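Welcome, and please open your viewer. This tour moves from one selection to the next and tells you what is there.

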Amino acid sequence: MQEDKKMKVKKGWLVVQVGLEDDQFQGGNNSTPQRFVIPISYLYHPLFKRLLDKAYEVYGYHTDGPLKLPCSVDDFLHLRWRIEKEPGHHQHNHNHHHHHRLPHALYFHSC
């Protein structure tokens, strides 16, 4: 769900900013970074953890504002769809170990 910049975020949710800065030079449809509100449970998902690792490589740990994700909006929406369609994704918790049946190599164009 894309949210207005000034909306308050409910407990258990997190604001992320998605978009590649170089999209504007490629003439892509996603040239403006967009904000999304996602459940905190995403932070424990293996696919999302991979994206967090890439965010650390690109931006480091300290950023102002929402968590920035170095990913095109289209690829982020695909990632979100993959997480949402997985059975029991809402039950992810750092205290439970889930075995995910994911392809060995799942790569996104920009993520």
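A nonpolar core is a set of buried Ala, Val, Leu, Ile, Met, Phe, Trp, Tyr and Cys residues joined through side-chain atoms within 4.5 Å. Buried means under 20% relative accessible area, exposed over 50%, and partly exposed in between, with a 1.4 Å probe and protein chains only. Keep both in mind for a later stop.

This is a predicted model, where local features need pLDDT of at least 70 and side-chain atom pairs count only at pLDDT 80 or more, while totals for chains, interfaces and linings use all residues. Residues are numbered from 1 along each chain as its sequence is written, and side-chain values use heavy atoms, with hydrogens and water left out.

**Stop one: the whole chain**

Switch to a cartoon view. The protein has three helices and three strands, and along the sequence they follow the pattern β-α-β-α-β-α. Here helices (H or I, at least four residues) and strands (E, at least two) are DSSP runs, numbered from the N terminus. Of the 111 residues in the protein, buried ones make up 32%. A contact means heavy atoms within 4.5 Å. Among contacts with a separation of 6 or more, 66% are between residues 24 or more positions apart.

**Stop two: the sheet**

Now select the strands. In what order do they lie in the open sheet? The order is β2-β1-β3, with mixed pairing; two strands pair if DSSP finds at least two bridges between them. The edges are taken by β2 (34–39) and β3 (67–69), each with a single partner strand, so one side of each has no neighbour in the sheet. From one strand to the next, the twist averages 35°.

Select β1, residues 13–18, together with β2: they run antiparallel and are joined by six bridges. Two pairs to label are Val-16 opposite Phe-36 and Trp-13 opposite Pro-39. On to β3, which runs parallel to β1 and is joined to β1 by three bridges. Label Val-18 here, and you will find its bridge partner Leu-69 in β3.

**Stop three: the helices on the sheet**

Show the sheet again, with Val-16 opposite Phe-36 in β2, and add helix α2, residues 46–59. Helix α2 packs on the sheet, touching β2 and β3, and its direction makes about 100° with that of β3. Helix α3, residues 73–85, also packs on the sheet, touching β1, β2 and β3, and its direction makes about 15° with that of β2. For these angles, axes are lines fitted to C-alpha atoms, for helices over the stretch in contact, and angles run from 0 to 180 degrees between N-to-C directions.

Hide the strands to see how the two helices meet. Their axes, those of α2 and α3, come within 9 Å and cross at roughly 150°. That makes α2 roughly antiparallel to α3, a term for angles over 145 degrees. Show side chains, and Leu-47, Phe-48 and Leu-51 of α2 meet Phe-76, Leu-79, Arg-82 and Ile-83 of α3.

**Stop four: the core**

Time to use the opening definition. The largest nonpolar core has 15 residues, and those touching the most other members are Val-16, Val-18, Phe-48, Leu-51, Leu-69 and Phe-76. At least two residues of this core come from each of β1, β2, α2 and α3. Centre your view on Phe-48: leaving out residues up to four places away in sequence, Phe-48 touches Ile-38, Tyr-42, Leu-43, Leu-69, Phe-76, Leu-79 and Ile-83.

**Last stop: two residues to check**

Is Val-58, in helix α2, buried or partly exposed? At 46% relative accessibility, Val-58 counts as partly exposed. Finish at Glu-21, in the loop between β1 and α1 (23–26). Glu-21 has 58% relative accessibility and so counts as exposed. Draw a line from its C-alpha atom to that of Cys-71: the two residues are 50 residues apart along the chain, and these atoms are separated by 9.4 Å.

Conventions
Angles under 35 degrees count as roughly parallel, over 145 as roughly antiparallel, 65 to 115 as roughly perpendicular and the rest as oblique.
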